[in-house]
Amino acid sequence: MNKRDEFLPYCRPYFDDDELNRVADVLKSGWWTKGSVTREFEKVFAEYVGAKYAVAVNSCTAAMHIALVAKGIGEGDEVISTPMTFCSTINTIVHTGAKPVLVDIDSKTGLIDVDKIEAAITEKTKAIVPVHYAGQSCDMDKINAIAEKYGLFVLEDCAHALSTEYKGKKIGSMGNACAYSFYVTKNISTAEGGMLTTDDEELYEKASVLSLHGMSKNAWSRYGTKGDWKYEVCDPGFKYNLTDIAAALGIAQMNKLDEMQDIRTEYAEIYNKAFDKIDGITYLKDNGLGKNSAHLYVIQIDKNKFDIDRDTFIELLKEYNIGTSVHFIPICMHPYYINNFGYKKGDFPETEKMFEGIISLPLYPSMTREDVMYVIEAVREIAREHAK
Ligand SMILES: Cc1ncc(COP(=O)(O)O)c(C=O)c1O
């Protein structure tokens, strides 16, 4: 096949005049930071996922952090999560002073192995933070049942899970606290941004206050006509609020979310069909628990079938001008966590096994069907040339 000249990036945002016009309107309005547009974005978002409350913040990391702090999690506590996640899931636990306790995954799905969670619970355990890896839902009935049995708080890391469903219900609609990301690679983007949703009014109130320095509610409106210069600091909060500029992008992106999801799903299905026929390449197994948001498209390279490893596979894809990524370098392999929590090789065998073979391929609405076919052809050619 002919290699293309133009680089196909791993990701590129999808937008049209709606984003441009809404951002221009906010700029012209003179009110750039948190205000009525952010409020509207929170409302639109809560309605979409089916949650009672939403707090817009400047990242998913911020959303997770304020949720844990609002629930009083801190020094001496333990929080259960997964090693197959982005560092920020675990960093937010560390920032509260609590100890992260990792539970291995199922290497076929990349999701936390729910059957291993109970064994990790101690009297110090206060919360579980499951990650809906790649856009597939964790087994929430089992996780919620464990949480109920031991009185634990559940915070779902939904960075990949906007529009993911569990047994026919949208993630976000089942009462738990959920943290979403609008980073530029995500299913919608505000460049940087995030949202915490919940049905718990007390958590919502506390998280709202924590997201803006711990200042009394509605302090954000103090420079408007209805605002008051007086405010009280009730907690040492954080500067995590979203801006109206970003929220304008968010509203425009929400309006086209279903359209973008249709394209992601279509492309993921094209990939699935093609990779079914390439020996040595597999993709994530569907656990049958609900609709996948098709956030990531992760293939797994069977090292026994090729004379090259995953890293070389990525290098060869680069020669075809294809950008890729790896989700994730597991938590248990980074020096900070090894040095502080004593992880060693063999502690999380399923995670280690999965990491060896994974590559995330480009999957986003602004790529064309031809781009998808090009990626498939490149993977097929590399697989053929390097088959053992
Ligand atoms: C699983 C997971 N959790 C959390 C995050 C953090 O999101 P943000 O960059 O919005 O803080 C990411 C971002 O890539 C992620 O993939």
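User: In this predicted model, which residues of β11 point one way and which the other way?

Analyst: Tyr-297, Ile-299 and Ile-301 point one way from β11, while Val-298 and Gln-300 point the other way. Residues on either side are buried.

User: What makes strand β11 count as mostly covered?

Analyst: A residue is called buried if 20 or more other C-beta atoms lie within 10 Å of its own. In β11, which comprises residues 297-301, five of the five residues are buried. The strand is therefore described as mostly covered.

User: How do you know that β11 pairs with β10 and with β12?

Analyst: Two strands pair if at least two bridges are found between them. Strand β10 (residues 281-283) and β11 have three bridges, in the antiparallel sense. β11 and strand β12 (residues 358-361) have four, also antiparallel. Both counts satisfy the criterion, so both are pairings. Gln-300 illustrates this: Gln-300 is the bridge partner of Thr-282, and the partner of Gln-300 in β12 is Ile-358.

User: What is the strand order of the open sheet, and why are β1 and β3 called edge strands?

Analyst: Seven strands form the open sheet in the order β1-β9-β8-β5-β4-β2-β3, with mixed pairing. β1 and β3 (99-102) each pair on one side only, and they are the edge strands. From one strand to the next, the twist averages 25°.

User: How do you know that β2 and β3 are paired?

Analyst: The requirement is at least two bridges, and four join strand β2 (residues 78-81) to β3. These two strands run parallel, with Glu-78 opposite Lys-99 in β3. Helix α4 lies across β2, β3 and β5 (153-157), and runs at about 175° to β2.

User: How do you know that the length of helix α7 agrees with expectation?

Analyst: At 1.5 Å a residue, the twelve residues of α7 (residues 244-255) should span 16 Å. The end C-alpha atoms of α7 are 16 Å apart, so the two values agree.

User: Why is α7 described as largely enclosed?

Analyst: Nine of its twelve residues are buried, so the rest of the structure largely encloses α7. Among these buried residues are Asp-244, Leu-249, Ile-251 and Gln-253. The buried residues pack against α1 (17-29), α2 (36-49), β1 (53-57) and α8 (257-275).

User: What surrounds the ligand?

Analyst: The ligand is surrounded by 14 residues, the closest being Ser-59, Cys-60, Thr-61, Ala-159 and Ser-181. Two or more residues of the shell come from each of α3 (60-70) and α4 (87-96). The shell divides into five nonpolar, eight polar and one charged residue.

Methods:
Residues are numbered from 1 along each chain as its sequence is written. This is a predicted model: local features need pLDDT of at least 70, side-chain atom pairs count only at pLDDT 80 or more; totals for chains, interfaces and linings use all residues. The expected span of a helix is 1.5 Å times one less than its number of residues. Two residues are in contact if their C-beta atoms, placed from the backbone, lie within 7 Å. A residue is near a molecule or strand if its C-beta atom, placed from the backbone, lies within 6 Å of it. Ala, Val, Leu, Ile, Met, Phe, Trp, Tyr, Cys and Pro count as nonpolar, Asp, Glu, Lys and Arg as charged, and the others, Gly among them, as polar. Axes are lines fitted to C-alpha atoms, for helices over the stretch in contact, and angles run from 0 to 180 degrees between N-to-C directions.
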